[in-house]
Amino acid sequence: MKLLVIIQCEDVVKRCSGFLCMNDFYERLGKFEGYPDDTRYMTITCGGCCGNLLTPKLENLGMRLRKAGLAKEDVIIHFASCVCSDNSHRLPCPFMNRMKALLNRKGFNNIVLGTHVSKKAEEKRQAGIYKKWE
Ligand code: SF4
Ligand code: SF4
């Protein structure tokens with residue numbers, strides 16, 4: 001059984017309910033294609049710039065996983081599209097690499113870039129208005 005953890009941008013979720021990320025997960029759209037039916041799902045935010053507050057959140061998650069008998073190897077971290085892509089909210093997060101390093105330090109090594117894929121944003125990427133996915 002896999003646990004999927006979406007990390008959302010603290011700033012963007014002040015304006016976004018996260019509905020599209022949730023919906024795409026259950027519909028297996030966007031970056032969620034192919035996950036087995038029994039995959040679990042949760043979201044956290046980065047905690048704000050520069051991502052330092054991810055560390056205590058990841059320590060808490062690690063402790064909860066241990067108590068639940070789950071392994072970090074079974075956790076897949078998705079950076080939400082509002083964190084890692086050029087999109088209508090803003091440019092990609094400038095602290096992405098720092099947050100990836102924090103995840104690795106805490107033993108979370110399965111990292112995927114992206115969640116919901118907006119059609120309009122994809123069109124703007126194709127037109128060169130937004131940067132391509134990294
Ligand atoms: S660190 Fe990145 S993802 Fe987090 S609030 Fe700042 S810009 Fe958003
Ligand atoms: S990727 Fe989109 S739906 Fe998901 S949290 Fe970010 S802005 Fe909201």
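Two strands are taken as paired if DSSP finds at least two bridges between them. On this criterion strand 3 and strand 4 pair, in the parallel sense, over three bridges. The model is a predicted one.

The strands form an open sheet. Four strands take part, in the order 2-1-3-4, and the pairing is parallel. Strand 2 and strand 4 (111-113) occupy the edges. Each of these two has a single partner strand, so one side of each lacks a neighbour in the sheet. Neighbouring strands are turned against each other by 25 degrees on average, with direction ignored.

The pairings can be followed across the sheet. Strand 1 (residues 3-8) runs parallel to strand 2 (residues 40-45), and six bridges join them. Within this pair, I6 lies opposite T43 of strand 2. Q8 likewise faces T45 of strand 2. Strand 1 also pairs with strand 3 (residues 75-79), again in the parallel sense, through five bridges. Here I7 has F79 of strand 3 as its bridge partner. In the pairing of strand 3 with strand 4, I77 stands opposite I111 of strand 4. In a regular strand, side chains alternate between the two faces of the sheet.

A helix links two of these strands. Strand 1, helix 1 (residues 19-27) and strand 2 together make a β-α-β unit, and this unit is right-handed. The loop between helix 1 and strand 2 contains R28. R28 is not a glycine, yet its phi is positive, at about 55 degrees.

A second backbone feature lies further along the chain. The peptide bond joining C49 and C50 is cis, with omega of about 10 degrees. C50 belongs to the loop between strand 2 and helix 2.

Helix packing was examined next. Two packed helices are described by the angle between their axes and the distance between the axes. Helix 2 (residues 54-68) packs with helix 4 (residues 96-105) at an angle of about 30 degrees. The axes of helix 2 and helix 4 are 10 Å apart. Angles under 35 degrees count as roughly parallel. Helix 2 and helix 4 are therefore roughly parallel to each other. Their crossing is right-handed. Helix 2 contributes L54, T55 and L58 to the contact, and helix 4 contributes M99, L102 and L103. Of the residues in this contact, five are nonpolar and one is polar, with no charged residue.

In outline, the predicted model holds a four-stranded open sheet with parallel pairing. A right-handed β-α-β unit is made by strand 1, helix 1 and strand 2. Helix 2 and helix 4 pack with a right-handed crossing.

Technical notes: Residues numbered from 1 in each chain as written. Chains lettered and ligands numbered in written order. Predicted model: local features only at pLDDT ≥ 70, side-chain atom pairs only at ≥ 80, totals over all residues. Right-handed = clockwise from strand over helix to strand, strands pointing away. Axes fitted to C-alpha atoms, helices over the stretch in contact; angles between N-to-C directions. Parallel < 35°, antiparallel > 145°, perpendicular 65-115°, else oblique. Left-handed = near helix turned anticlockwise from the far one by under 90°. Contact = placed C-beta atoms within 7 Å. Nonpolar A, V, L, I, M, F, W, Y, C, P; charged D, E, K, R; others polar.
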